[in-house]
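Visitor: Please take a close look at the nonpolar core of this model. I would like the residues that hold the most contacts within it described together with their surroundings.

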Amino acid sequence: MGGLAEKIIVGTANFGQQYGIVPNQATDRQDSARKILALARNNSVRGIDTSRSYKNAEKLIGLNSDLLDGFEITTKLNLTDCASRD
């Protein structure tokens, strides 16, 4: 059976933009995102939730790719971005 950490995911909406209950606490720097991802990894959290609409979140995650082994990353897509353009 898994522990509580397996039920927790890192939400990245505040990576690169102001968001959430403390909107002036945007994580817009690579080192801040790295600290959050490292903390999650060190505590057996293995889920990351992101979206293209979260400004630089996907970029900040990618810049820390050396920490991502073992994470399951879930991202949301805008279907209009995926539609074929005729």
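Guide: What follows goes from the whole chain to the core, and then to two residues outside the buried class.

This is a predicted model, in which local features need pLDDT of at least 70 and side-chain atom pairs count only at pLDDT 80 or more, while totals for chains, interfaces and linings use all residues. Residues are numbered from 1 along each chain as its sequence is written, and side-chain values use heavy atoms, with hydrogens and water left out.

The protein chain has three helices and three strands, in the order β-α-β-α-β-α along the sequence. Helices (H or I, at least four residues) and strands (E, at least two) are DSSP runs numbered from the N terminus. Mean pLDDT, the predictor's confidence in each residue from 0 to 100, is 84 for the protein chain, with 80% of residues at 70 or more. Strand β2 (residues 47-51) has the highest confidence, at 95, and helix α3 (residues 79-82) the lowest, at a mean of 72.

Of the 86 residues, 30% are buried; buried means under 20% relative accessible area, exposed over 50%, and partly exposed in between, with a 1.4 Å probe and protein chains only. A nonpolar core is a set of buried Ala, Val, Leu, Ile, Met, Phe, Trp, Tyr and Cys residues joined through side-chain atoms within 4.5 Å. The largest one has 16 residues, and Phe-15, Leu-37, Ile-48 and Leu-68 touch the most other members. Helices α1 (30-42) and α2 (57-62) each supply at least two residues of this core.

Contact means heavy atoms within 4.5 Å. Beyond its neighbours within four places in sequence, Ile-48 contacts Val-10, Thr-12, Leu-37, Ile-61, Leu-68, Phe-71, Glu-72, Ile-73 and Thr-74. For the protein chain, 71% of the contacts with a separation of 6 or more join residues 24 or more positions apart.

Thr-74, one of the residues in contact with Ile-48, is in strand β3 (residues 72-76). Thr-74 counts as partly exposed because its relative accessibility is 39%. Not counting residues up to four places away in sequence, Thr-74 touches Ile-48, Asp-49 and Thr-50. The C-alpha atoms of Thr-74 and Asp-49 are 4.9 Å apart, with their positions 25 residues apart in sequence counted as separation.

Tyr-19 lies in the loop between β1 (9-11) and α1. Tyr-19 is also partly exposed, because its relative accessibility is 49%. Tyr-19 touches Ala-13 and Asn-14, leaving out residues up to four places away in sequence. Its C-alpha atom is 9.3 Å from that of Tyr-54, 35 residues apart along the chain.
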